Amino acid sequence: MQNLAECAIFCNFAAVMSKKNESVRALKFLLFSASAGVIQMGSFALMEEALHWAHWLCYLIALVLSVLWNFTLNRRFTFRSYANVPRAMALVALYYAFFTPSTTWLEHVLTAEPVAWNPYLVTAINMLLNLITEFLWQRFVVYRGKIDER
């Protein structure tokens, strides 16, 4: 009976630590994504206000810049993974092969007439969608089984 009780205590401790680790991981992802968001919004604002490019083009270029930043930091510090970089980048590219056209289209539709929403609002909505879906994609697809290797 003592071994069973010890096992239950250990399993409970492991579950609590796992939840704590995942909470810390989610917080790191949020903070690094926020820094990528600053890059995305800053570059978007520069192209929108100074260069007066099309809203969708500003969004697309800003998104690519933030993706490169976010991937690099999250691979190293959030997921602490030695996963094959080309494979991980290919999986992230697969995610963005769906996400980018969808949100670029959404950006264009919502900022054009007759809807004409504020382009900063639409970009912020797309960034929130990106935050949630990309964390889930990276956590459960890109780095599945390859987390905390460093």
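**Entry 1: Arg139**

I looked up arginine 139 in this predicted model and asked whether the residue is buried or exposed. Arginine 139 has a relative accessibility of 16%, so it counts as buried, the cut-off being under 20%.

I then looked for its charged partner. Arginine 139 forms a salt bridge with glutamate 22, and the closest N and O atoms are 3.0 Å apart. This pair links distant parts of the chain, since glutamate 22 lies in helix H1 and arginine 139 in helix H4, 117 residues apart. I noted the general point that side chains of opposite charge can pair when their charged atoms come close.

**Entry 2: Glu22 and Arg25**

Which residue besides arginine 139 does glutamate 22 bridge to? I found a salt bridge to arginine 25, with 3.2 Å between the closest N and O atoms. Glutamate 22 and arginine 25 are about one helical turn apart, because three residues separate their positions in helix H1.

I checked the exposure of both. Glutamate 22 has a relative accessible area of 23%, so I wrote it down as partly exposed. Arginine 25 is at 5% relative accessibility and therefore counts as buried.

**Entry 3: Asp148 and the network**

I followed arginine 25 onward. Its side chain meets that of aspartate 148 in a salt bridge, at 3.0 Å from N to O. Here too the pair links distant parts of the chain: arginine 25 is in helix H1, aspartate 148 is in the segment after H4, and their positions lie 123 residues apart. Aspartate 148 counts as partly exposed because its relative accessibility is 34%.

I listed the members of the network that arises from shared partners: Glu22, Arg25, Arg80, Arg139 and Asp148. How many salt bridges does the whole structure hold? My search found four.

**Entry 4: Asn130**

I moved to asparagine 130, which sits in helix H4. Its relative accessibility is 7%, so this residue is buried. The side chain of asparagine 130 makes a polar contact of 3.0 Å with the side chain of tyrosine 96. Leaving aside neighbours within four places in sequence, I found asparagine 130 in contact with Leu63, Tyr95, Tyr96, Phe99 and Phe135.

**Entry 5: the nonpolar core**

I looked up the largest nonpolar core, which has 21 residues. The members that touch the most others are Leu63, Phe79, Val92, Tyr96, Phe99, Val142 and Tyr143. Helices H1 (2–51), H2 (55–78), H3 (85–111) and H4 (119–142) each give two or more residues to this core.

I picked valine 92 for a closer look. Apart from neighbours within four places in sequence, valine 92 is in contact with Val67, Phe71, Trp137, Gln138 and Val142.

Definitions and conventions:
Residues are numbered from 1 along each chain as its sequence is written. This is a predicted model: local features need pLDDT of at least 70, side-chain atom pairs count only at pLDDT 80 or more; totals for chains, interfaces and linings use all residues. Side-chain values use heavy atoms; hydrogens and water are left out. A nonpolar core is a set of buried Ala, Val, Leu, Ile, Met, Phe, Trp, Tyr and Cys residues joined through side-chain atoms within 4.5 Å. Buried means under 20% relative accessible area, exposed over 50%, partly exposed in between (1.4 Å probe, protein chains only). Helices (H or I, at least four residues) and strands (E, at least two) are DSSP runs, numbered from the N terminus. Contact means heavy atoms within 4.5 Å. A polar contact is a pair of N or O atoms within 3.5 Å; within protein, one must be able to donate a hydrogen and the other to accept it, and residues adjacent in sequence count only if both atoms are side-chain atoms.
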